[in-house]
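This report walks through selected packing, aromatic, pocket and backbone features of one protein chain. Please keep the sequence and the structure in view while reading.

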Amino acid sequence: MIKKLAPYLKGYGKYALLAPITIIIEVLLEIRIPLYMSKIVDVGIKNGDIGYIACLGGLMVLMALLSLLFGALSAFFAARGGMGFGKNIRQAVFHKIQEFSFANTDKFSTASLITRLTTDVTNTQHTFMMLIRMFVRSPIMLVSATIMAASINKGLAVVFLIAVPVLGTALAIIMCMAFPRFRKMLTCYDNMNGSVQENLIAIRVVKAFVRQDYENKKFADDAEALRMAQLRAEKVLICNMPIMQLVIYGCIIAVLWFGGNMVISGTMDNGQLISFISYVTQILMSLMMISMVFVNFVMTRASVSRIIAVLDEVLDIVDVDAETQVTEGSVEFRNVSFSYAKDRDNLNLENINLTIAPGEMVGIIGSTGSAKTSLVQLIPRLYDATLGQVFVGGHDVRSYSLTNLRNAVGMVLQKNVLFSGTILDNLRWGDEGATKEEIVEACKAAQAHEFIMSFPDGYETELGQGGVNVSGGQKQRLCIARALLKKPKIIILDDSTSAVDTATDAKIRSALREKLVGTTTIIIAQRVSSVLDADKIVVMDDGHINDVGTHEELLANNEIYREIYESQQKGVA
């Protein structure tokens with residue numbers, strides 16, 4: 001895990017190096033203070049030498065101040081290194097997520113990815129800061145204090161030989177028991193975050209169906225599951241401190257007992273006993289700090305494994321470094337089959353053969369679940385075909401770079417997504433350099449200009465997250481305008497006029513024919529009226545192409561199309 005994350009220290013390695021160096025200097029300064037204290041007692045006070053006492057006392061104060069300075073510098077360097085390390089990991093995880101295909105994204109819940117970018121990275125950077133400070137300070141302090149204590153009295157130092165194995169065994173048991181519990185706790189965090197996210201996104205539906213009580217209970221259950229998981233994990237960790245304290249106080253009592261007897265018998269001076277106790281305290285506190293670091297390692301190991309799972313995720317769609325440009329908007333599906341699960345025995349699309357000429361307007365219609373959206377998502381490589389080939393502009397879509405391919409395909413998805421910011425900011429997703437005139441023209445074609453200008457701030461109107469302050473129909477028209485600004489070779493409208501009235505739908509289609517001359521237009525629709533004037537209509541049925549033809553041909557010869565048409569005509573009547 002350390003090897004996997006080490007590259008993310010880039011740019012902050014000097015701080016990660018300076019932090020342990022300054023902490024080592026702090027320890028070396030601090031370790032001398034008890035020795036000078038014993039000399040003050042055994043030599044200065046015993047002989048009544050005020051000058052000796054003042055000299056060593058001044059030296060102790062100087063070392064304490066220098067130790068404090070280097071300790072503060074170490075904390076500063078560790079904070080800079082740790083925060084930079086965390087920033088780099090967050091950027092790497094976020095960039096990796098941006099490279100995910102839809103299939104990759106399907107493996108991780110949105111809530112889980114958010115937890116990994118926040119809680120898991122925070123845990124990792126805090127443990128890293130402990131690693132470059134406490135995990136350096138404690139072993140050096142342990143070794144140095146042990147050497148100093150042994151130099152004072154080797155026999156009394158045997159106490160540590162008993163304490164260290166006890167602490168080591170207890171720590172190993174705690175670590176083995178705690179890791180799986182903390183991993184389960186983080187999964188509970190994912191579930192709770194998922195519940196919150198789902199509730200906030202669908203808050204209007206929750207209120208419309210008066211389901212607040214149900215959602216409150218659902219959240220309470222998730223919060224309780226998290227609480228119980230935390231308790232199960234903490235139950236193991238709380239044993240750490242009592243064991244540490246028991247060993248520490250046991251050692252101090254043993255040192256006081258045996259050391260006191262040595263002082264009484266005259267084999268040890270008072271100052272030596274005082275300094276020995278100081279070193280005992282430093283040694284045992286170092287052991288306690290080491291145990292705390294290891295406990296944090298256990299907690300962080302679960303977080304790091306989840307971060308690495310994202311970083312190591314094998315991309316389902318591999319981009320190619322190709323200069324090939326999409327020159328025209330022809331589309332061909334050649335013996336294409338597709339499965340979301342990559343399972344050839346459970347295909348969502350099967351043996352699709354379809355040719356669309358450049359500039360054609362093609363309608364796709366079929367019952368819910370007939371794989372209409374699955375079909376068009378293969379064109380810009382949101383998914384890759386499981387079998388067969390998809391061609392755009394006469395070339396296999398896999399031969400284009402994703403940037404070139406997707407810049408040539410404008411797509412308005414089923415779920416219309418807008419971002420916080422102004423209407424103008426959202427429209428410029430289609431073309432960052434678009435002029436105001438081009439934006440207005442695209443909005444007029446999408447029948448959006450009129451309602452935009454009805455807002456007091458017009459195109460500078462601030463949209464809430466997800467476009468919450470515009471209606472469903474307005475949101476759809478803004479998304480269509482955004483796609484038009486790309487001036488694509490192919491534009492795909494995936495049921496993107498379902499929230500507008502039939503008159504507006506007709507105006508949009510008329511404008512598309514006028515403005516997108518030479519652009520291939522693919523319209524997925526539930527309403528027959530939306531595809532009535534298409535050059536050809538594709539009828540989908542259970543992952544297969546049932547028939548292809550004009551409205552008149554299908555009405556005369558295709559039972560599925562005729563049933564859809566007649567049922568909608570009855571609805572109109």
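## Aromatic contacts

In this predicted model, F85 and F128 are both buried. The structure as a whole holds ten aromatic pairs, and F85 and F128 form one that is tilted, with 4.5 Å from centre to centre and 35° between the planes. This pair links distant parts of the chain, since F85 belongs to helix α4 (residues 50-99) and F128 to helix α6 (residues 110-152), the two being 43 residues apart.

Elsewhere, Y12, Y15, F76 and F77 come together as one aromatic cluster. A ring is also involved in a contact of another kind, in which R211 lies over the face of Y214 at 4.2 Å from the ring centre.

## Nonpolar cores

Which residues have the most contacts inside the largest nonpolar core? They are L427, Y459 and L484, within a core that has 43 residues. Helix α17 (residues 472-484) gives the largest share of this core, namely six residues. Apart from this core lies another, of 33 residues, which includes A103, V336, F338 and I492. As a general background to such groupings, nonpolar side chains in soluble globular proteins tend to be buried together.

The surroundings of Y459 can be described in further detail. When neighbours within four places in sequence are left aside, Y459 is in contact with T422, I423, L424 and L427, with K436, I439, V440 and C443, and with H449, I452 and M453.

## The second largest pocket

The second largest pocket has a volume of about 320 Å³. Its lining is made up of 14 residues, and those closest to the centre of the pocket are I2, L5, L131, F297 and V304. Three elements give two or more residues to this lining, namely α1 (2-5), α6 and α11 (270-311). Helix α6 is also the element that holds F128 of the tilted aromatic pair.

## Two residues of helix α3

Both S38 and M37 can be placed in helix α3, which for S38 is given as residues 33-47, and M37 lies in that helix as well. How buried or exposed is each of them? S38 has a relative accessibility of 7% and therefore counts as buried, as the value is under the 20% cut-off. M37, at 27% relative accessibility, counts as partly exposed because its value falls between the 20% and 50% limits.

Not counting residues up to four places away in sequence, S38 touches V43, G271, Q272 and S275. On the same basis of leaving aside neighbours within four places, M37 is in contact with M60, I274 and S278. The C-alpha atoms of M37 and G271 are 7.1 Å apart in space, although these residues are 234 residues apart in sequence.

## Positive phi outside glycine

Two residues deserve a check of their backbone angles. A371 has a positive phi of about 80° although it is not a glycine, and A371 is found in the loop between β3 (361-366) and α12 (372-376). With 12% relative accessibility, A371 counts as buried because the value is under 20%.

K487, also a residue other than glycine, has a positive phi near 50°. Its place is in the loop between α17 and β9 (490-494). K487 has a relative accessible area of 52%, which is over 50%, so K487 is exposed.

## Positions and separations on two helices

E437 is found in helix α15 (residues 436-445). Is E437 buried or exposed? The relative accessible area of E437 is 60%, and because this is over 50%, E437 is exposed. From C-alpha to C-alpha, E437 and Q526 are 33 Å apart in space, while in sequence they are 89 residues apart.

R227 is found in helix α9 (residues 212-237). At 40% relative accessibility, R227 counts as partly exposed, because the value lies between the two limits of 20% and 50%. R227 and G58 are 169 residues apart in sequence, and their C-alpha atoms are 53 Å apart in space.

How values were computed:
Residues numbered from 1 in each chain as written. Predicted model: local features only at pLDDT ≥ 70, side-chain atom pairs only at ≥ 80, totals over all residues. Heavy atoms only, no water. Core = buried A, V, L, I, M, F, W, Y, C linked by side-chain atoms within 4.5 Å. Buried < 20%, exposed > 50% of the residue type's maximum accessible area, 1.4 Å probe, protein only. Helix = DSSP H or I, 4+ residues; strand = E, 2+ residues; numbered from the N terminus. Contact = heavy atoms within 4.5 Å. Phe/Tyr/Trp six-rings, centres within 6.5 Å; stacked < 30°, edge-to-face > 60°. Lys NZ or Arg CZ within 6 Å of the ring centre and 35° of its normal. 1 Å grid on protein atoms, 1.4 Å probe; cavity = no way out; pocket = protein on both sides within 12 Å on 5 of 7 lines; lining within 4 Å. Points joined across faces, edges and corners; volume = space filled by probe spheres on them.
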